[in-house]
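Work through the following exercises with the sequence and the model side by side. Each task is followed by a solution that proceeds step by step.

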Amino acid sequence: MTRWIPLLAVIALAGAAPAAPAAATLAVAETRALLQNGVNQGRADLALQARDRFAALAAAEPSNALLHYWTALADWRAFPLLTRSKSNAAAEAALDHAFTAADRALAADPKLAEAYALKAGLTGFRIQLGGMTE
């Protein structure tokens, strides 16, 4: 019986290790669902709430390019909802935030093609608001 105790301890420790990544994965999945619900309902507030959650996750893991990408994507999804509600100042703020998050994603992973494509879409939105000033 005493030979089994160390083996059981190793098994218990091995089973506990993946808890943090699983929790982060669940948080990303829940936040992606929140973002999609906001878009489906036409609610910029939910999209921005998802953006803030992604930003918090990205702040906890600054080297995770996908979290920065999702932060920028949430702003990209919120932009049309904000302009539809005539909230151009909020739309411009979302764009500024999105460009920053996309740049962080590319700094973390310069080969993340999705972030380049997202920046192109953001540039189109910037032009829609009146042009590029940067």
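A residue counts as buried when its relative accessible area is under 20%, as exposed when that area is over 50%, and as partly exposed in between. The model in these exercises is a predicted one.

**Exercise 1. Describe the chain as a whole: which elements does it have, and what percentage of its residues is buried?**

Begin with the elements: the chain contains 6 helices and 0 strands, and, read from the N terminus, their order is α-α-α-α-α-α. Turn next to burial, where the cut-off given above applies: of the 134 residues in the chain, 32% are buried. Then consider the surface, since the chain exposes about 8000 Å², of which carbon and sulfur atoms supply 61%. Finally, look at the contacts with a separation of 6 or more, 58% of which are accounted for by residues 24 or more positions apart.

**Exercise 2. Check the span of helix H3 against its number of residues, and list its buried residues.**

Helix H3 covers residues 44-60, which gives 17 residues. The expected span is 1.5 Å times one less than the number of residues, so H3 should span 24 Å, and this agrees with its end C-alpha atoms, which are 24 Å apart. The buried residues of H3 are Ala-44, Leu-46, Ala-47, Leu-48, Ala-50, Arg-51, Phe-54 and Ala-58. When reading such a list, it helps to recall that an α-helix has 3.6 residues a turn, so residues three or four places apart point the same way.

**Exercise 3. Examine the salt bridge of Asp-52 and Arg-51 and that of Asp-45 and Arg-43: is each partner buried or partly exposed?**

The structure holds 5 salt bridges. In one of them the side chains of Asp-52 and Arg-51 meet at 2.8 Å, N to O; Arg-51 is buried, with a relative accessibility of 13%, whereas Asp-52 is partly exposed at 43%. In another, the side chains of Asp-45 and Arg-43 meet at 2.7 Å, N to O, and here Asp-45 is partly exposed at 43%, while Arg-43 is partly exposed at 35%.

**Exercise 4. Find which helices are tied together by the salt bridge of Lys-119 and Asp-103.**

The side chains of Lys-119 and Asp-103 meet at 2.5 Å, N to O. Lys-119 lies in helix H6 (residues 113-128) and Asp-103 in helix H5 (residues 88-108), so this pair ties together parts that are 16 residues apart in sequence. As for accessibility, Lys-119 is partly exposed at 24%, and Asp-103 is partly exposed at 39%. Elsewhere, salt bridges with shared partners join Arg-51, Asp-52 and Asp-75 into one network.

How values were computed. Residues numbered from 1 in each chain as written. Predicted model: local features only at pLDDT ≥ 70, side-chain atom pairs only at ≥ 80, totals over all residues. Heavy atoms only, no water. Helix = DSSP H or I, 4+ residues; strand = E, 2+ residues; numbered from the N terminus. Buried < 20%, exposed > 50% of the residue type's maximum accessible area, 1.4 Å probe, protein only. Contact = heavy atoms within 4.5 Å. Areas by Shrake-Rupley, 256 points an atom, 1.4 Å probe, with all protein chains shown as cover. Salt bridge = Lys/Arg side-chain N within 4 Å of Asp/Glu carboxyl O.
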